[in-house]
Each structure stands twice: as structure tokens, then as C-alpha cells.
Amino acid sequence: AKGAWKAVPNIAGLQAMVPAQAKPNAVGGAAGFHTNDKSFGFTVMAVAKDRQGLTMAQVKQSTEEFLFDKWITSKASKDGWVLTWESPLMDFDTMERKGSTYNFEVRRRIAGTLYKCYGAVAKAAQLKAVVHTCQTIKKK
């Protein structure tokens, strides 16, 4: 799917290369885009001050504490990291596993501010596109 530069909704001054089928999140919601079929979606936010000093190892350790199956990608970058992992997709009414969900967190510095771009998609093969979009986010 071909993309286009679009302003990220619900956050000032950021844009991303977003696939054509992605819809902006509702006004007042989380900053980012989504698709109804869960094939693409992300939220972007500035990393909280008290979490800026965390290392990739510390973030991985806390990720592993709840609904975690396995790491897919764990790569440091010059200004952050790319993490992708599989976790159980749960039915919280019955507490039974319904399958898997594929999660991501891309942390990077954009114009001096530390941001994280994160979310989950329905299939492992869909991680590449959403991680790529996270890596394109820049100031308008």
C-alpha cells in the first residue's frame, strides 16, 4: 500500500508516512492512526520524564512481566530502539487465549524530544509496515 505524508492527529507538529488505508484516530483520542481490521495502527507520545532514563534492557524486562510470549526484534538504534514481540490475545471475560497479537515499540529522538511509537497488529507480517511508519515520524 502506497503511503502519504500526513499530520499525526492529537499531537502538535508531527507528521508520518502513513498507508492510504489508515484512518486518523478520533479528535481527543490518542495521537496516531489505525485501521478497522487491526492490520495497521500506532500511537505516538513523548516519553514521560521518569521513563527517559530507562535502558532497552529495563523496558524489555518490564514488558516480559505481563502477557508476553517471545521477542521478535530487539535492536538498539542511535537514539533509541526497535522492539517487537508476540503476546497472547486474551478474551478477558473468560481469561482464555484466543490467539496472538504482535506488539511494537519504537523509541527515538525527534527534534530533541524523546518519543515512543507503539501499538499492536493482528499478524507478525504487519509489523514491518507499522515499524517503518514509526521510523518516518518527523517534525512538520
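Tutor: Contact here means that heavy atoms lie within 4.5 Å, and the structure we are reading is a predicted model.

Student: Which residues is Ile-137 in contact with, leaving aside its neighbours within four places in sequence?

Tutor: With those neighbours set aside, Ile-137 is in contact with Leu-14, Gln-15, Ala-16, Phe-42, Val-44, Arg-108, Ile-110 and Cys-117. Ile-137 is also one of the residues that touch the most other members of the largest nonpolar core, which has 23 residues, and Phe-42, Val-44, Phe-104 and Cys-117 are named alongside it. Among the elements that give two or more residues to this core are β5 (41-46) and β8 (96-110). Apart from it lies another core, of five residues, including Val-59 and Trp-81.

Student: Why is the aromatic pair of Phe-40 and Phe-42 called edge-to-face?

Tutor: The ring centres must lie within 6.5 Å for a pair, and the planes must be over 60 degrees apart for the edge-to-face class. Phe-40 and Phe-42 are 6.1 Å apart, centre to centre, with 90 degrees between the planes, so the pair is edge-to-face. Both residues are buried, and together with Phe-33 they form one aromatic cluster.

Student: What makes us say that the charged end of Lys-138 sits over the ring of Trp-5?

Tutor: One condition is that NZ of Lys is within 6 Å of the ring centre, and another is that it is within 35 degrees of the ring normal. The charged end of Lys-138 is 4.2 Å from the centre of the Trp-5 ring, so the distance condition is met, and the charge is indeed listed as sitting over that ring. Likewise, the charged end of Lys-60 sits over the ring of Trp-71, 5.0 Å from its centre.

How values were computed. Residues numbered from 1 in each chain as written. Predicted model: local features only at pLDDT ≥ 70, side-chain atom pairs only at ≥ 80, totals over all residues. Heavy atoms only, no water. Phe/Tyr/Trp six-rings, centres within 6.5 Å; stacked < 30°, edge-to-face > 60°. Buried < 20%, exposed > 50% of the residue type's maximum accessible area, 1.4 Å probe, protein only. Core = buried A, V, L, I, M, F, W, Y, C linked by side-chain atoms within 4.5 Å. Helix = DSSP H or I, 4+ residues; strand = E, 2+ residues; numbered from the N terminus.
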